[in-house]
Structures are given as structure tokens and as C-alpha cells.
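User: Can we go through some side-chain contacts in this one? I'll start with a polar one.
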Amino acid sequence: VMASMAHLQKEKLQLQEDLLELQEKLTAQENDKLSLSLQLQGQVETLKEKLLEQAQEISRLRSELGGTDAEKHRDLLAAENERLRQDMKACEGELRELRRQQQQQAPCRDCPHLRENAGLQEQLSQLQREAEETRAKLVELDLEVQQKTNRLAEVELRLKDSLAERAEEEERLSRRLRDSQETIASLKSQPQQIKYIIKTVEVESTKAKQALCETQSRNQYLQEQVGMQKQVLKEMEQQLQSSQKTEAQLRAQIMMYEAELERAHGQMLEEMQAMEEEKNRAIEEAFSRAQVEMKAVHENLAGVRTNLLTLQPALRTLTHDYNSLKRQVRDFPLLLQETLRSARAEISQAIEEVHSTNRELLRKYRRELQLRKKCHNELVRLKGNIRVFGRVRPITKEDGEGPEAANAVTFDADDDAVLHLLHKGKQVSFELDKVFPPQASQEEVFQEVQALVTSCIDGYNVCIFAYGQTGAGKTYTMEGTAANPGINQRALQLLFSEVRGKAADWDYTITVSAAEIYNEALRDLLGKEPQEKLEIKLCPDGSGQLYVPGLTEFRVQSVEDINKVFEFGHVKRVTECTNLNEHSSRSHALLIITVRGLDRSTGLRTTGKLNLVDLAGSERVGRSGAEGSRLREAQHINKSLSALGDVIYALRSRQGHVPFRNSKLTYLLQDSLSGDSKTLMMVQVSPAEKNTSETLCSLKFAERVRSVELGPVSRKAELGSWPSQEHLEGDSPGSAVPPGRGHASPSPGQLSSRSASIRRKLHTSG
Ligand code: ADP
Ligand code: MG
């Protein structure tokens, strides 16, 4: 609080100081104002004095008739007046400045010294009033000056008058001077008198001279003035003259123009008249010309009228024609439409007819197609899945010469399924599915087989057997020679080309295996250990499929691959066996081709197996009393061949049980013989006379296999045919065994004991 008090006191002191300063300033300003007002008063007084002086001067001038000086004075006065006015303005400006300063110096309105300030302001306003008064006085003075200037103008006028008077006075004075000179001259002639007079005159003349001098100087001045005025006058006159001259010129020009105007007017009038005349003339001319033309036109019109009269009939005929044409045109679309309609109707009718006939034809065609399909199906059913072909090889050098090598086989010219064999002076006929004569080429044989091969691609299992005695051409048919390949190579080639044709949708892989069954032992011809006996096992997946573990499979893609595979197999067989021919005739050779397909679009998988089997020779070795290994071989061969016969028979007669397990061969081919599988038995026979006995056996086997397919009725017929066979084979020891129920059947199936015994006779008995 003390500190704030001290602070406040300090502020108070500061304010008091400020106040003192302000008061000082105010007093200074007052002093300034006083001095200024004093100055102004002084100035006003001096101005008044000056005015007085001027008035005096004017009065003096008036008294002295000094008109010319008065002008100068007036000018001087006017200048003075101006200066005074400017001074006054400056004073006013200063006053304003002072007031402004005063306003600026009152920033602290809340100041406690406001009252003092107000007092000062009052003083100021008083001063201002005073200044106003002085200004009013000034205005008054101004007015006075004005009045004086007015008076000055009057004085000037009067001066002019006085000038004129002076001129008169001058003249008078000059006259008086001349008179006085004359009198002086006359007085000179009277010296005494004159001397006195002179003296008096001299006394007078000095005064006069002084006056004269003054008057002369003034005269001179006035003369100068007059000269100036004269000059001005002259100039004015000159101006007047020049203006008069120009006026005269202008008048002359005006006159000229007026004259010209008049002339032009006259010309115009003349031209107008001329034009009027010309117009009249032209009108007249045009009128006359038009009259002439009118006449010509009238003449033309008359001609046209006559023409018209002649044309009217032609026009009438034309309009008639036109109308008729129009009618025709009007009728034309109707006619056209009608024609079109009828044509359309005809066309549509024709189309309809064609359509109906087409439909009829299509219907008929479909019906025929169905019929054909049905017939085909029937045919396929009739043909069965097991087909039997016969092939007779030509007589070769090995057959030798003489009656033994004579041909014992003849063919039917009309039926390619019938074959006649001359055996012991009797001709026996056999009917198979097809019989190939000796001249039939490998190509022809394959053509009959290829349908089976292609069905393999569709996923069917196929078996092709070559059956027959040794040397009857089994190997030739299956393998062929290098120059003339057999079914094996041709089948593979056909598979390759078919697979290539289907490559757009299907992926196929073709694999090849080669095996041999010798003495009921299965061996891999392409494996590393050919001596190893392979086992046939049931697939562990429960599908019932069989497979041979360790059997080598080669993937083949071209003919070169097949050749390599075959070569390899042959080499194996050659190195393993000392007597190839003999060995090959004692064993079954199998070529197993597996075709696996995948339809890329549906993902469907198919697997087809093509088994090409070159069977062992079917000749009856036991007959010649073979012993040891030969006998064992023969027994094995007979067993497997008879087992094959049994299986095929069981399949054909659609028996419940098929004895696949009776031999390795049938067991291995089980899945390729059953179900939808297709089988071809190619029975090879030799036509030579010496082989007729074996040929007869082979053909009997073939016919027996084939005849089963026609069901119970044909079986009956077949069964009925057996005695004749027995009769034919009457010399064989087995024939002595009478057929009966007591005989044990080799197969546990429903085979009749009679047929079983016959079969045994065929294959096993000597
Ligand atoms: P298999 O294999 O049945 O013992 P092969 O095929 O070895 O009989 O044939 C014996 C002989 O007969 C061979 O020299 C063979 O060339 C010849 N041969 C077999 N069939 C024909 C035939 N259709 N045309 C020409 N020669 C054949
Ligand atoms: Mg052979």
C-alpha cells in the first residue's frame, strides 16, 4: 500500500509538473497571441495610414489633375491591397494553426486542469472574437479600398476630361505664348519701355518660365501620352481597316458564291428540262416499241391458238392413253400382289410338300437306322464275343514232295466260312466264322481283326489266340516276318494311329509286356531275370483284378519302340534256349498290350488290354509214346489247352462256374476272357496230306468252341455231332472208352460228362 501510495504521489507530482509545463505553454501562447494581435493591430494601423496616405495622394492627384500618376497609384494600391489580403490570409492560417495546436494540446480530457484549459480557451475565443473584429475591420477597409478604387475610376474619367481641358489650355497657352512672344517682339521694338517691361517680364518670366517649364514637361508627358493614345488609335484603325478589308473580301466571296449558286440553279433547271424532254421521248419510243411487240405477240397468239386447236384432239387421245395407263398402274400392284400371293402360296405349298416328304424320309430313315442297329446288335449277339477263324497255310518246301505233301483242304467258292478236309478218302466239312485260304495275306487277316484291336481303346479286354499244331503258321500269323509283319506289330501300329486321332480329347499311354508260360511256369521275357517264375496274384484293392508282380512293362510310343521291345524279347529267348523252334512250340508266348486312356474334359479313365497269345503246338505227342520231359511238356500243354477249351466252353454256354484256375494261362487271362471281353481264336491248319489227322483235331476243336455260342439248341446239335467225330477218330485208343456219367470230369463245372470225355480224348489221350 505504501509503495502504491508513493507511486501515486510520484504520479501526482509528475502531473503537477505537466500542468506547470502546460501553463507555461499557455502563457507563451497567450504572449504569442498578444504579440500577434499587436502586430496585426500595427499592421492594420499601418494599412490605415497607408490608406490615408493613398487617399491623400489621390486627393493630391485630384487636386493636381495628375491623372496618369493616379493610375500608377491605383495599381500600387491594388497591389498593396492584394498583399494585405495575403497577409490577412496568412494571419488567419496562423490563427487556425494555433487553434489546431490548442486542440492537439488537450488530450487529457479527464485532467483536473480542464477548467483552466476552458478558461484559456475562453480567452482564446475572446482573442478570436477580437481577430474576427479586426477581420471585420479589414473587410470594412476592403470596402473602403473598393470605394476608393471606384473613386479612382471616376478620377480617371475626370482625368481624361482634364486631359482634354489641358489640351485646350495648352492651345490657349501656346496661343498666349505666341501672343506674348508677339507682344515681346513688339515690346522689343520699344526698348525702354520694353526694358522695364522686360525686367518686369523677366521677373514675371522667371515665374512664368518655371510654370512654363513645369507645364512644358507636363505637356511633353501628355504629348507622349497622346502619342501613345494615337498609336493605340492607329492600331485600332489598322485593325478596323483589316477587319473592314476582310469583311469586304467576305462580302465579295458571298457575292461570288451567290452568283455561282444562281448559275448552278439555272444549270439545274436546264438539265431538268432536258431530262424531262428525254423522258418524254423515251416514253414515246417505248410506247411505240411496245405497240409493235404487242402486235407481234398478238400474231403469235393467233398462231398458238390455231396450234392449240390442232393439238386439242392429240391431247385428248394422250389424256385417254394416260388415263388408261394410270388405271393399269393402279391395278398393277394389286395384280402383282395377287400373282405374288399365288406364287408364294405355290412355293410354300411346294416347300411344305418337300418338307413333308423330307420328314417322311427322315422318319423312314430313322426307322431304318433303328432297324439296322437292332439287326447289328442281333448280329453281334449272334456272333458272340468269342469268334473262331480258320487259317490254312500254303504248302511249303518243308512239307516235302509226293502224296504226303498233297493238298487235303478245299474251300467253298460261295461261303468263306466253310472248309472241306479230305481225310482218309472222306470229305469232312467244317463251318467257322471265317476261313482264310493259303493265299490270304497278313493284311487281309488283320483287316478282320482290327475291329477287336480298336475296341481295346474303348476299354475292352481282348484276347487273340493262335491255335494249331506246330508248323501250322501260328507264329507267322502273330509275329510274321520282318518283311510281312503279323497281328502283333500291325495291332500296335493301329493303336498308335487311333490314339493319335483321339489325342485332341484323350491322353493315352500304351504299355507292352511279354511273357511265356512253359510247363505251367510264367516267366517275364522282358525282365532282367528271365528264369524267375512269376506268380499271379489277386489285386489287393478287392476289385477282383489279377496282376503279376514283377512283370516288366515298357511304355511304347512308336513302331521303333515296338521293334526294340520285340528284339529284346527275342534276344532273351534266344540266349535262354538252345533250340528256339522246339522250345517255342512247347510254350505259350504272350504279348500283353495295355491301353490306358484319360478323357481330359470329363476325367473318365479307361483301361483296355490286348492279349496276343501264340499258343504251344496242339499236336498229340503222347500218341507216339513220349517219355520223361517230353511227356511232362505234352501233359502240361494238353492240360492248359484243354483248360482253355473248357473255359471258353463254359463262357459260351454261360455257365455259372468258369474253371479259370485249371491252368496258368486261363488264370492269367481270366479278366480278359470274362465279362464284356472279346476273344478270337485263330485256328491254324496245315493243308498237307500227312497232317490231316492233326488238322482234323484242330478243326474239331475250333468247331466245338464256335458251336457252343448258339445256346442249348445248338448245344444239342453239337452234342449230336460228337458221334460222327468219334467215328472219325475211331482208331484212337480214347474212343474205346464209352461215354458215361461215371467218368470224372476235369472241370468242376456243369459240363456234361460226355463232352468232357470227348474233349479229353481230343487233347490228352493218345
Ligand atoms: P508254328 O508257329 O505254328 O509252329 P510257323 O509259324 O513257324 O508255325 O510256320 C511254319 C512255317 O510255315 C514257317 O516257315 C512259315 O514261314 C510258314 N508259313 C506259315 N504260315 C504261312 C503262310 N500263311 N504263308 C506263308 N508261309 C507260312
Ligand atoms: Mg510257332
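Analyst: Sure: the side chains of Asn563 and Gln489 make a polar contact at 3.3 Å (N or O atoms within 3.5 Å, one able to donate a hydrogen and the other to accept it; residues adjacent in sequence count only if both atoms are side-chain atoms). This is a predicted model, where local features need pLDDT of at least 70, side-chain atom pairs count only at pLDDT 80 or more, and totals for chains, interfaces and linings use all residues. Residues are numbered from 1 along each chain as written, chains are lettered from A and ligands numbered from 1 in written order, and side-chain values use heavy atoms, without hydrogens and water.

User: How far apart are Asn563 and Gln489 in sequence?
Analyst: They are 74 residues apart, with 8.3 Å from C-alpha to C-alpha.

User: Switching to rings: how many aromatic pairs?
Analyst: The count is 3, pairing Phe, Tyr and Trp (six-membered ring) with centres within 6.5 Å; planes under 30 degrees apart are stacked, over 60 edge-to-face, the rest tilted. One of them is Tyr467 with Phe701, stacked because the centres are 4.1 Å apart and the planes at 10 degrees.

User: Are Tyr467 and Phe701 buried or exposed?
Analyst: Both are buried (under 20% relative accessible area; exposed is over 50%, partly exposed in between, with a 1.4 Å probe and protein chains only).

User: What about Trp506 and Tyr508?
Analyst: Also a stacked pair, 5.5 Å centre to centre with 10 degrees between planes. Trp506 is buried at 16%, and Tyr508 is buried at 10%.

User: Which residue lies over the face of Trp506?
Analyst: Lys502, 5.8 Å from the ring centre (the cut-offs are NZ of Lys or CZ of Arg within 6 Å of the centre and within 35 degrees of the ring normal).
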